[in-house]
Amino acid sequence: MSSEQLEKLSGLLGGTAKVAYNERSNLIRIEVERGELRNVAVQLRDYGFDHCSSVTVVDYPKEDLMEVVWHLSSYSRSEVSRYTIGLVTSVSRSKPEVASLTDVWESALFLERETHEMFGVNFVGHPDLRPLLLPEELMGTWPLRKDYQLKKKREDVFKKGGASL
Amino acid sequence: MTQEIKTIPFTYEALSQLKMSEGVLELQIGPAHAGSGHMRIVAWVEGDTVVKVDPDIGFVHRGVEKLSEDRIYIKAIPMVERPSLVDTVNANLGYVMALERLLGIEPPPRAQYIRVITAEISRIMSHLYGIAIYGIFMGSSTVFMWAMADREPFIDLLQELTGARITYSHIIPGGVRWDLPKDFAENAEIALKYLENRTKDYEKVWINNPVVVARSMGVGKLSAEGAIRLGVVGPNLRASGVKYDIRKEEPYAAYEEFDFEVPTFKEGDSYSRLLQRVEEIKQSIHIIRQALKRLPDGKIIYEDYYKRMSPLMKKIYDEKGRVKFTLMLTSLSPPKGEAVSRVEGGRGEMFYYLVSDGGKAPYRFRVVTPSFRNLPFFTHVMPGHKLADIPVIYGSIDYFPPEADR
Amino acid sequence: MAEKSQKKSPLSDVKGHIGALSTGFKYLIDPHRITLDYPAEVMELPSNYRGFFRLIDEKCIGCSLCEIVCPSNAIVMTQLPVAQPAQDATRPPPKFKKRPLVDWGMCIFCYFCVDVCPTEAFEPSQVHDISYFKESDYRPTFDAFLKLPESPFKGSKKVVPKVDEKKGIRYEEKVNKN
Amino acid sequence: MMDFLNLIPVTWLPLLESVFYALVFPGFIAILLLAFFIIWFERKAAARVQMRYGPLWVSKRTGGIAQLLADMIRFSFQEFIVPEGADLIPFVFLPGFLLAFSVLPTLFIPIGPYYSHIFPAGYTLLLSVAFTLVIPVYLVVLGWAADNKFSFIGALREAYLLISYEVPFILAIASAFLLYGTLNLVEVVTIQERSLPGIILNPVAALVFLIAVIRATGRVPYDIVEADSELVFGPYVEYSSLMFGFVMGVPYIELYSYSLLFSVLFLGGWAPITGVGFLGGLIIPGIVTFVKAVIVMCALVFLRGVYPRYKLDKAVRAGWSWVFYLALIALLLSAFMSRVL
């Protein structure tokens, strides 16, 4: 991404957002405070990043924080459609709560639902946070977190009368 | 005389507050159903009209992301292929590209060309599989058998190359595992010619078949603006008129050296999605021919890796064109950092996000597959249609449940 | 850009019906059959087909690289006693040797192990259609792992698949010399 | 053979002939053998179009013709499951009714000039059509009795399609009646022998008749009632074992009676060959009508290899629009043609 486009983008987002450019993956990483999240998202959408291609969480138990990452890219604006934006905001592990961006990007609907059931991040304002991939009895175990060991957890599922694997 | 389908409330809130009138029947088009595949489509039907659809997926969820966290990097290659079993080369290519972007290595040109050739053959097979499922969902077992049988020449091609029918695990960080056999070019040309004169039969029996036209034209309409808002991918996006193909927007693996066009349609209904796939098969044939003509010779694994091979491995590589795995490959530990790679699979954009902490196994590995991105078709596009349109829309978006569940 | 043609007129319906029926009839007269009469005719697979493989004991050095690289953890290294020579030679061979054992039920035939082995100790074969009655047979003993399983359909007619312009896949009778 | 006939006291002759008529030739035994052939032909023809072999291993030398026998044996060993919520009496007895009523029309369709000695031939056209109309009613009740959402929807679909396609069907029959001026099918065939076969006199009526037959027996473009990718198997979803075999065989028997009627009405029945007496008047011409009916059945059954499925609301709308107009045209055409005849 040419440097002046980068400057224009970070200038647009105001000083708070930290912008880093990963040249090999055409990835622009934007770290944002939780409060700032919504208006940065709205600015990005108006700038041209019109859909969300992935929502996920990178879990750091040692630093006791979870990074919630929205990956955005653009269908409509062809000069930026080459790049992916990684909109990152960090959340505490004890009470993981973040504003849901489904009203900004409707395509984040099922992605946020899956991230909720896998990590337990509560997306405030999401219209329909039911489990998507996992059965009801696994809600609450947040299987994709680092502290969920695959082997040990299988016995608990057996004890609770879960499906025998 | 296609009657106007009332505009569908696009926002999810409007859908979830839809009041259920008393005469509504809740249909569980469940996992064990001839028209649902490995998922349950819960449809609220009033008379013959679908009022609301809620897809309940996850029946074939393997947990690829969790499994990859305590396995060395190379082990994830066969695992990544399994969910999108019909388009294995693109899935494999996406993961390996993310790994190469972490490691900072580049495969030699010949390996890039072989990747493009196998990826395009895999795209043709994926489109043929999509047409087959579309056919059987609309009731024509002929097109199902034809499309499945027409994959056979391509399966035979890649079987000569890699030794497996579908799960090739052909692409490794830094290049590919086998070189093209000698008569690969002629066989490929024969297979492509066969498919070209088969499209005439498909046109007569399927594409211009009046029952197909009547059944799919105007069904599952999605405007370009709606497609962008719902974030759908692949042929379904292009059939709605959005000209977006990752091979053109963010070219990878030698795609910028070939000239091919990205076909788009305007109507965005099930019929144009079918035509979109046929057009894309023609473009893939065009690409394969160019790639085979201009195939550079040279190594199929990057130089530094070849130097580390033992004399026995070098002998095998020179004689049989087979890449042996050196210790470098089994104990990959890329530097700390993250990488994103996007690949235009047969069904659409495959998204890979790899975070490494310098260890032997990926710290976080995120896969988003095209079928998962096409889920909004169920909730937003199907309501308002007839019950008989559910399999038509389901078949036209080429939804593959194991790929959506990962 | 490839514009889709709108449905023109009922005439195109009639033309469509005739086209569909005539193509169907054409195939009714001379069908391009692609399916094989499986147990009677067996497909001859290419030489690099990834089928069952066996261990060449002399070449194996017990480095357990195959166990490390196997994606489905199908290979397990086992301790095997080494036959001690009668008189104690100057340097008696080690009492135990480590050899891999494969569980065919778990194996996905990706041939990572065959490709990682530094001494080419695995000999591949094209035999793939093997099934056992007992689940335990899927974990062969060490001596069973040294021999290649032969296909149960050795007697049936061998055909070689050839890509064909008109029929897609054409099967040629394989005339076996011996 | 001939002297054997006059051994039987004369008074018994009509009874024996009608029993033979009902049970052996165009009746039950012929239908069973034909069901073997037609189901095998459908699967084999579709297989040939679809680049595969179709049923083969059951009886390899004869190309798998005994497939239906194998299916029947398999069905008879399966357990017949009656769902809890199902309404017992209709659920269990209706398949039998369906089977019986689908065989009945063949009684009233003459296949030889000798027919009038066996049954009064006066209103054969009306009677044979009347019995074919009863079957869909049983189907709707059957779908309702099975207490399953999919079979309920299947039954409703049958009702919709029944009404929208019976009107053009009756109009086609009326135009045939108008064309020939008589309800007696034996006379219809004699008229066709004098002039041209019905399909040339009034092709539009023949087309509408065929479309209605495809809808009534659920052949492929119209297998909307038992659409497997939407309703799994329509009204028959809850059936298993032998009942399922019966219910699956009913459309084929219906197809047989319809195509027998079609060959008599439009293909000139036993036109070229005619004769007198039991053997010459019934068996030989009967075989000609039978072969014409089988050809019509093979043509209708072959559609499975070519077409996908039609949609319910489009099929119903088509039934009331262009199929209905075609039927009216057929009526006008036969009005005109009857002047010429």
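Reader: How many residues does the largest nonpolar core have, and which ones have the most contacts inside it?

Author: Start with the general idea: in soluble globular proteins, nonpolar side chains tend to be buried together. A nonpolar core here is a set of buried Ala, Val, Leu, Ile, Met, Phe, Trp, Tyr and Cys residues joined through C-beta atoms within 7 Å. Buried means 20 or more other C-beta atoms within 10 Å of a residue's own, exposed means 12 or fewer, and partly exposed is in between, with C-beta atoms placed from the backbone. Helices (H or I, at least four residues) and strands (E, at least two) are DSSP runs, numbered from the N terminus. In this structure the largest core has 297 residues, and A:Leu87, C:Cys113, D:Ala172 and D:Phe209 have the most contacts inside it. Helix α5 (109-137) of chain B gives the most to this core, 17 residues.

Reader: Before going on, what sort of model is this, and how is it numbered?

Author: This is a predicted model, where local features need pLDDT of at least 70, side-chain atom pairs count only at pLDDT 80 or more, and totals for chains, interfaces and linings use all residues. Residues are numbered from 1 along each chain as its sequence is written, while chains are lettered from A and ligands numbered from 1 in the order in which they are written.

Reader: Back to the core, then: what does D:Ala172 touch?

Author: Two residues are in contact if their C-beta atoms, placed from the backbone, lie within 7 Å. Leaving out residues up to four places away in sequence, D:Ala172 touches D:Ala205, D:Val208, D:Phe209, D:Ala212, D:Ala327 and D:Ala330.

Reader: And in a helix, which residues of α2 of chain A are buried?

Author: Look at which way they point. The arc is that of the directions from the helix axis to the C-beta atoms. In α2(A), residues 37-47, the buried ones are A:Leu37, A:Val40, A:Ala41 and A:Leu44. Their arc around the axis is only 100°, so they sit on the same side of α2(A). The buried residues of α2(A) pack against β4 (65-73), β5 (84-92) and β6 (97-99) of chain A. Just after the helix, A:Gly48 takes a positive phi of about 140°.

Reader: Which chains share the most contacts?

Author: Four pairs of chains are in contact, and B and C share the most contacts. Nonpolar covers Ala, Val, Leu, Ile, Met, Phe, Trp, Tyr, Cys and Pro; charged covers Asp, Glu, Lys and Arg; the others, Gly among them, are polar. Here 43 residues of chain B are in contact with 34 residues of chain C. On the chain B side, α8(B) supplies the largest share, eight residues. By class that side has 20 nonpolar, 11 polar and 12 charged residues.

For chains D and B, 24 residues of D are in contact with 28 of B. Helices α3 (28-49), α12 (228-231) and α15 (312-320) of chain D each supply at least two residues of the D side. That side has 12 nonpolar, three polar and nine charged residues.

No contact joins A and C, whose closest C-alpha atoms are 15 Å apart. No contact joins A and D either, with closest C-alpha atoms 24 Å apart.

Reader: What does the radius of gyration say about chain C?

Author: It is taken over C-alpha atoms, and the globule rule is 2.2 Å times the number of residues to the power 0.38. Chain C has four helices and seven strands. Its radius of gyration is 26 Å, well over the 16 Å that the rule gives for 178 residues, so chain C is more spread out than a compact globule. Its C-alpha atoms fill a box of roughly 95 × 45 × 30 Å along the principal axes. Buried residues make up 21% of the chain.

Reader: Where is C:Glu44 found?

Author: In the loop between β1 (41-43) and β2 (53-55) of chain C. C:Glu44 counts as partly exposed because it has 16 C-beta neighbours inside 10 Å. C:Glu44 and C:Val159 are 115 residues apart in sequence, yet 5.6 Å apart in space, C-alpha to C-alpha.

Reader: Where is confidence lowest in chain A?

Author: pLDDT is the predictor's confidence in each residue, from 0 to 100. Where pLDDT is low, the predicted coordinates should not be read in detail. In chain A the low is helix α4 (150-159), at a mean of 50, and the high is strand β3 (51-60), at 93. Over residues 153-165 of chain A the pLDDT is below 50, and this stretch has seven contacts in the model beyond near neighbours in sequence. Chain A averages 83, chain C averages 84, and the model scores ipTM 0.90 and pTM 0.91.
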